[in-house]
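Hi there,

Here is the structure I promised to pass along. Have a look at it first, and then read on for what turned up.

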Amino acid sequence: MKKIYRDNGAVGALLDEYERALNELQALIVTVANDQLVRIVDPHTDDPDCRSIQTILTHVVRAGYGYAIAIRKNEGEELAYMERKTQNTIAAYQEDLQRMFAYNEQLFADYPNLQLEEKDADKKIKVSWGQIYDVEQLMEHAIVHILRHRRQIERFLLRMN
């Protein structure tokens with residue numbers, strides 16, 4: 001299949017790479033059986049989002065919405081962050097990941113002149129874990145977040161086999 005690239009500069013590049021990272025994650029998780037989805041692989045972690053493939057995917061979906069919501073809030077919208085929504089099938093997570101990406105795409109449709117780079121620290125976005133980003137940095141973080149958790153799921157699958 002021929003790759004279609006978005007033709008809108010830096011925003012297009014960010015969305016293309018975000019979509020690529022999600023496609024790689026989705027290609028991996030389609031191989032996960034439902035019993036593997038819910039299996040606790042790391043019972044000793046202090047991070048409840050990293051105990052199973054299920055908890056990782058729940059976290060990835062919620063975080064993906066969270067980045068876009070943080071940007072929207074920075075633009076003046078009054079929004080609440082979404083609650084965790086645990087699914088019991090890979091198919092449900094596939095749908096959630098698609099909806100989450102569409103929500104991120106819609107952000108840039110709603111704000112076509114959104115400034116990606118911001119030098120003024122007072123105009124940057126302070127996220128819930130205390131880090132400060134401009135829009136471009138936050139979207140780059142979103143992409144790498146997917147990559148890191150895809151790798152984590154790959155390692156969980158190796159431990160299960």
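**Overall size and fold**

A compact globule of 161 residues would have a radius of gyration near 15 Å, and the protein chain comes out at 16 Å, so the two agree. Please keep in mind that this is a predicted model. Along the principal axes, the C-alpha atoms fill a box of roughly 50 × 40 × 20 Å.

The chain has 5 helices and 2 strands, and they follow the order α-α-α-α-β-β-α along the sequence. Of the 161 residues, 46% count as buried. Among contacts with a separation of 6 or more, 66% join residues 24 or more positions apart. The exposed surface is about 9300 Å², with carbon and sulfur atoms supplying 49% of it.

**The core**

The largest nonpolar core has 46 residues, and those with the most contacts inside it are Tyr-18, Ile-53, Leu-57, Phe-108 and Ile-153. Helices H1 (9–29), H3 (53–74), H4 (90–110) and H5 each supply at least two residues of this core, and H3 gives the largest share, 12 residues.

Tyr-18 is a nice one to click on: leaving aside residues up to four places away in sequence, its contacts include Gly-64, Tyr-67, Met-100, Phe-101, Met-139 and Ile-146.

**Helix H5**

H5 covers residues 135–160, 26 in number, and reaches 38 Å from its first C-alpha to its last, close to the 38 Å expected at 1.5 Å a residue. At its N-terminal end, Asp-134 acts as a cap, with a side-chain oxygen 3.3 Å from the backbone nitrogen of Glu-136.

Best wishes

Key
Residues are numbered from 1 along each chain as its sequence is written. This is a predicted model: local features need pLDDT of at least 70, side-chain atom pairs count only at pLDDT 80 or more; totals for chains, interfaces and linings use all residues. Side-chain values use heavy atoms; hydrogens and water are left out. Helices (H or I, at least four residues) and strands (E, at least two) are DSSP runs, numbered from the N terminus. The expected span of a helix is 1.5 Å times one less than its number of residues. A polar contact is a pair of N or O atoms within 3.5 Å; within protein, one must be able to donate a hydrogen and the other to accept it, and residues adjacent in sequence count only if both atoms are side-chain atoms. The radius of gyration is taken over C-alpha atoms; the globule rule is 2.2 Å times the number of residues to the power 0.38. Buried means under 20% relative accessible area, exposed over 50%, partly exposed in between (1.4 Å probe, protein chains only). Contact means heavy atoms within 4.5 Å. Accessible areas come from the Shrake-Rupley method with a 1.4 Å probe; for residues, only the protein chains shown count as cover. A nonpolar core is a set of buried Ala, Val, Leu, Ile, Met, Phe, Trp, Tyr and Cys residues joined through side-chain atoms within 4.5 Å.
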